[in-house]
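Biologist: Could you take me closely through the aromatic pairs in this chain, and then through the surroundings of the helix that carries them? I would like one connected account rather than a list.

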Amino acid sequence: MFELFDPASRLLPVLRYLEDHLARADLDRDALAAVMHLSPTRFHAVFKRATGLAPVQYLKHVRLLRAQHLRATTDAK
């Protein structure tokens with residue numbers, strides 16, 4: 001099926017939101033779906049198809065990358 005837009009480009013708003021709110025404890029699939037104005041089930045499917053990861057798995061991955069970066073570039077513990 002031909003898609004007008006790259007699936008990953010549809011996720012730009014939620015990816016930017018994640019980047020800006022990584023420290024928030026209340027980020028979950030429902031909250032992220034609301035950013036995209038999609039149902040949680042539909043959001044999960046769109047996100048996983050575009051990234052290969054479930055939204056919460058992606059969030060954990062990005063948080064770990066950020067922690068690794070901070071550990072390597074700062075003296076913070």
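Modeller: In this predicted model, the count of aromatic pairs comes to two. One of them is formed by Phe 43 and Phe 47, whose rings are tilted, with 5.5 Å from centre to centre and 50° between the planes. The value of 50° is neither under 30 degrees, as stacking would require, nor over 60, as an edge-to-face pair would require, and therefore the pair is classed as tilted. Both residues belong to helix α4, which covers residues 40-51, and because they are four residues apart in it, about one helical turn separates them. As for cover, Phe 43 has 0% relative accessibility and therefore counts as buried, and Phe 47, with a relative accessibility of 0%, counts as buried too.

Phe 47 also takes part in an edge-to-face pair with Tyr 58, in which the ring centres are 5.2 Å apart and the planes make an angle of 75°. Here the partners come from two helices, since Phe 47 lies in α4 and Tyr 58 in α5 (residues 55-73), so the pair ties together parts that are 11 residues apart in sequence. Tyr 58 has a relative accessibility of 21% and so counts as partly exposed, the limit for a buried residue being under 20%. Taken together, the ring pairs link Phe 43, Phe 47 and Tyr 58 into a cluster.

Turning from the rings to the packing of the helix, two packed helices are described by the angle between their axes and the distance between the axes. For α3 (residues 29-36) and α4, the angle is about 85° and the axes are 9 Å apart, which means that α3 is roughly perpendicular to α4. On the α3 side, the residues that meet α4 are Arg 29, Asp 30, Leu 32, Ala 33 and Met 36, while α4 contributes Pro 40, Thr 41, Phe 43 and His 44. Sorted by class, this contact of α3 with α4 has five nonpolar, two polar and two charged residues. Phe 43 thus appears in two settings, as a ring partner of Phe 47 and as one of the α4 residues that meet α3.

The loop between α3 and α4 holds His 37, which has a positive phi of about 60° although it is not a glycine. As background, most residues other than glycine have a negative phi. His 37 has a relative accessible area of 72% and is therefore exposed, whereas Phe 43, at 0% relative accessibility, is buried.

Within α4 there is also Val 46, which counts as buried because its relative accessibility is 1%. Leaving aside residues up to four places away in sequence, Val 46 touches Arg 10 and Leu 11. Val 46 and Arg 10 are 36 residues apart along the chain, and their C-alpha atoms are separated by 8.8 Å.

Two further separations place α2 and α5 in the picture. Glu 19, in helix α2 (residues 12-20), has a C-alpha atom 9.2 Å from that of Arg 63, although the two residues are 44 apart in sequence; with 41% relative accessibility, Glu 19 counts as partly exposed. Lys 60, found in helix α5, is 38 residues from Leu 22 in sequence and 9.3 Å from Leu 22 in space, C-alpha to C-alpha. The relative accessibility of Lys 60 is 53%, and Lys 60 therefore counts as exposed.

For the chain as a whole, the secondary structure comes to five helices and zero strands, giving the pattern α-α-α-α-α along the sequence. Of the 77 residues in the chain, buried residues make up 21%. The chain exposes about 5700 Å², of which carbon and sulfur atoms supply 58%. Among the contacts between residues at least 6 apart in sequence, 48% join residues at least 24 apart.

Notes. Residues are numbered from 1 along each chain as its sequence is written. This is a predicted model: local features need pLDDT of at least 70, side-chain atom pairs count only at pLDDT 80 or more; totals for chains, interfaces and linings use all residues. Side-chain values use heavy atoms; hydrogens and water are left out. Rings of Phe, Tyr and Trp (its six-membered ring) pair if their centres lie within 6.5 Å; planes under 30 degrees apart count as stacked, over 60 as edge-to-face and the rest as tilted. Buried means under 20% relative accessible area, exposed over 50%, partly exposed in between (1.4 Å probe, protein chains only). Axes are lines fitted to C-alpha atoms, for helices over the stretch in contact, and angles run from 0 to 180 degrees between N-to-C directions. Angles under 35 degrees count as roughly parallel, over 145 as roughly antiparallel, 65 to 115 as roughly perpendicular and the rest as oblique. Contact means heavy atoms within 4.5 Å. Ala, Val, Leu, Ile, Met, Phe, Trp, Tyr, Cys and Pro count as nonpolar, Asp, Glu, Lys and Arg as charged, and the others, Gly among them, as polar. Accessible areas come from the Shrake-Rupley method with a 1.4 Å probe; for residues, only the protein chains shown count as cover.
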